[in-house]
Amino acid sequence: MLRRAATTLPKDVIEALEKCRRRGRDKVAILQFECMLKNLELARKLSAPICQDTGTPIFFVKLGNDLKLDFDLISGLRKAVMEATRSIPLRANLVDPLNRVNTKTNVGDGMPAVHTELVPGKRLQIDLLVKGAGAENWSRLYMLRPSERELIERAVLLTIGEAGGQPCPPTVVGVGIGGSAEVACLLAKKALLRPLDEPNKDRQLARLEHRFTRAANELGIGPMGLGGKTTVLGVHIEKASCHTASLPVAINLQCWAARRASAKLVGDRMRVEVP
Amino acid sequence: MKKQLVPPLSEKQVRQLKVGDIVSITGQMVTARDKAYARAIELLRAGKRLPLDLRGGIVYHCGPLAIKNKNGWKILSAGPTTSARLDSMQAEFIERTGVRALVGKGGLSENIADALTRLGCVYLAFTGGAGVLAGQAIKEVQKIFWRDLGDAEALWVLRVQDFGPLVVAVDTFGNNLYASKIRLMKATGGSGSRRNDMLRNGRRRHP
């Protein structure tokens, strides 16, 4: 699953990039998409990491209440990351936050991140996001006032605008609205798991996503910040109920190399899904 | 037509390049990022020398992913890193080292772009994330200096062939492909004070 995520992109992302290239008018913008697509082809052929920033893996685990595991899931995932770092290989990106000493294994205190959610039945699903620093560094959390609903759009556009070319646009934009501070942040990141061609099931959110996407693409930042009409591949919004006195809004950007993969328990084996 | 740049570059050569030009590099290119920038500046301030002469050279903002086998180092993926992270050191680094071109992604802030005009250095954008494509143009790892900084932060001396396509994104005429976008963003950002309140300090008067 880690290899698949590092060396290939999901179909929906490739299709979105191809659409951008076809629709491009500007010479420099088209060149960027051509480079991206050529790079994807090479990476797949050579089974080499798409980007040298192989990021940090973020796992989202859905664990069935009735499932009994005869192994430790967290240490299993840590071992998988260490093994992938050696064998693919991945760049060792993880350091101590203060003294900046590299762990050399992509495993460290509290990392890789594993977000677990209990679900009914005997399901086990592991979703993986690979996050590079260029995009992750532009994450934002705004604690708005409840009366400031109209500022949600502005917060999203400001984040995208301020980030400019740095998060490797066109980005996928995850927005988490509501919950509490950390719930909003988690929702923003989880929103990145949804395929680009899958509309939001909530009609109100789907309308907002459409509006934010159009507005973001009018910013003119363009692919790699070099100008053009495609600044985002999509905006995905998730929401949760929140305190009557707050309105948390979190934004998480993912670069155009929106790497993700999934594995599901089928029978007694994990099967990696082709996203 | 794609123009070939073969370092060492002269100031005159660099001052002929204009934003939007598509170029590629053949010859030597040296990687440097946060830690290498800091060490280079520290050494040069102290009147010491760098392990290699960067005058007229090309510096690549990159922390490559490579493996070592019996034939030496092999580059797997080596795309650009975010150049703006180095903004606080950029001007002094260029001035003290004498480099004539930076290769990176994401652009530079406007004041650094002005410094490039003054110092006679251009900024060339390579497509971020296109690490394998970049790796294909890197023919040889000639030397690695300062590995004690960590492999991603070390100075990798690379021999490249037809490394590109690169877009001249900041030239020496004061043109900056990224700046026009910043202005556009400001134009859509609403009133300044409220915006900055939101951006920098969060909301001050909470309920």
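Biologist: In which element of chain B does B:Pro165 lie?
Modeller: In this predicted model, the peptide bond from B:Gly164 to B:Pro165 is cis, with omega near 5 degrees. The residue after that bond, B:Pro165, belongs to a strand of chain B, and that strand is S9.

Biologist: Where is A:Pro89 placed, given the cis bond that comes before it?
Modeller: The bond from A:Ile88 to A:Pro89 is cis, with omega near -15 degrees. The place of A:Pro89 is a loop of chain A, between helix H4 (73-87) and strand S2 (113-119).

Biologist: Which residue other than glycine has a phi near 65 degrees?
Modeller: The value is positive. The residue sits in the loop between H4 and S2 of chain A. It is A:Asn106.

Biologist: How many residues does each chain bring to the contact of chain B and chain A?
Modeller: The area buried between chain B and chain A is about 3,900 Å², and carbon and sulfur atoms give 64% of that area. Chain A brings 46 residues to the contact, and chain B brings 46.

Biologist: How many salt bridges does the rule find across the interface of chain B and chain A?
Modeller: Polar contacts are present there, with 13 residue pairs between chain B and chain A, both residues at pLDDT 80 or more. A salt bridge needs a side-chain nitrogen of Lys or Arg within 4 Å of a carboxyl oxygen of Asp or Glu. Across this interface the rule finds zero.

Biologist: Which element gives the most to the side of chain B that touches chain A?
Modeller: The polar contacts between chain B and chain A come to 13 residue pairs. Elements giving two or more residues to that side of chain B include strand S4 (65-69), strand S9 (155-170), helix H6 (179-188) and helix H7 (192-201). By class, this side has 23 nonpolar, 14 polar and nine charged residues. With five residues, the element that gives the most is H7(B).

Biologist: Why does the salt bridge of A:Arg260 and A:Asp12 tie together parts that are apart in sequence, and how many residues apart are they?
Modeller: Over all chains the count is 22 salt bridges. One of them joins the side chains of A:Arg260 and A:Asp12, at 2.8 Å from N to O. A:Arg260 lies in strand S8 (residues 260-266) of chain A and A:Asp12 in helix H2 of chain A, so the parts tied together are apart in sequence by 248 residues.

Biologist: Which element supplies the largest share of the lining of the second largest pocket?
Modeller: The second largest pocket has a volume of about 880 Å³, and 32 residues line it. Helix H2 (11-23), helix H3 (27-46), helix H8 (203-217) and strand S6 (232-242) of chain A each supply at least two of the lining residues. The largest share is seven residues, and it comes from H2(A).

Biologist: How many charged residues are in the lining of the second largest pocket?
Modeller: Among the residues nearest the centre of this pocket are A:Lys19 and A:Arg23, along with A:Thr213, A:Asn217 and A:Leu233. By class, the lining has ten nonpolar residues, nine polar residues and a charged set of 13.

Biologist: What is the volume of the largest cavity?
Modeller: The count of cavities of 30 Å³ or more is three. The largest cavity has a volume of about 50 Å³.

Biologist: How many charged residues does the lining of the largest cavity have?
Modeller: The cavity is lined by A:Leu2, A:Ala6, A:Thr54, A:Thr56, A:Pro57, A:Leu90 and A:Val130. Helix H1 (2-7) and strand S1 (56-64) of chain A are the elements that give two or more residues to this lining. By class, five residues are nonpolar and two are polar, and the number of charged residues is none.

Technical notes:
Residues are numbered from 1 along each chain as its sequence is written. Chains are lettered from A and ligands numbered from 1 in the order in which they are written. This is a predicted model: local features need pLDDT of at least 70, side-chain atom pairs count only at pLDDT 80 or more; totals for chains, interfaces and linings use all residues. Side-chain values use heavy atoms; hydrogens and water are left out. Contact means heavy atoms within 4.5 Å. Buried area is the accessible area (1.4 Å probe) that two parts lose on being put together, summed over both. A polar contact is a pair of N or O atoms within 3.5 Å; within protein, one must be able to donate a hydrogen and the other to accept it, and residues adjacent in sequence count only if both atoms are side-chain atoms. Helices (H or I, at least four residues) and strands (E, at least two) are DSSP runs, numbered from the N terminus. Ala, Val, Leu, Ile, Met, Phe, Trp, Tyr, Cys and Pro count as nonpolar, Asp, Glu, Lys and Arg as charged, and the others, Gly among them, as polar. On a 1 Å grid over the protein atoms alone, a cavity is a set of points where a 1.4 Å probe fits but cannot get out, and a pocket is an open set with protein on both sides within 12 Å along at least five of seven lines; lining residues have an atom within 4 Å of a point. Grid points are joined across faces, edges and corners, and a volume is the space filled by probe spheres set on the points.
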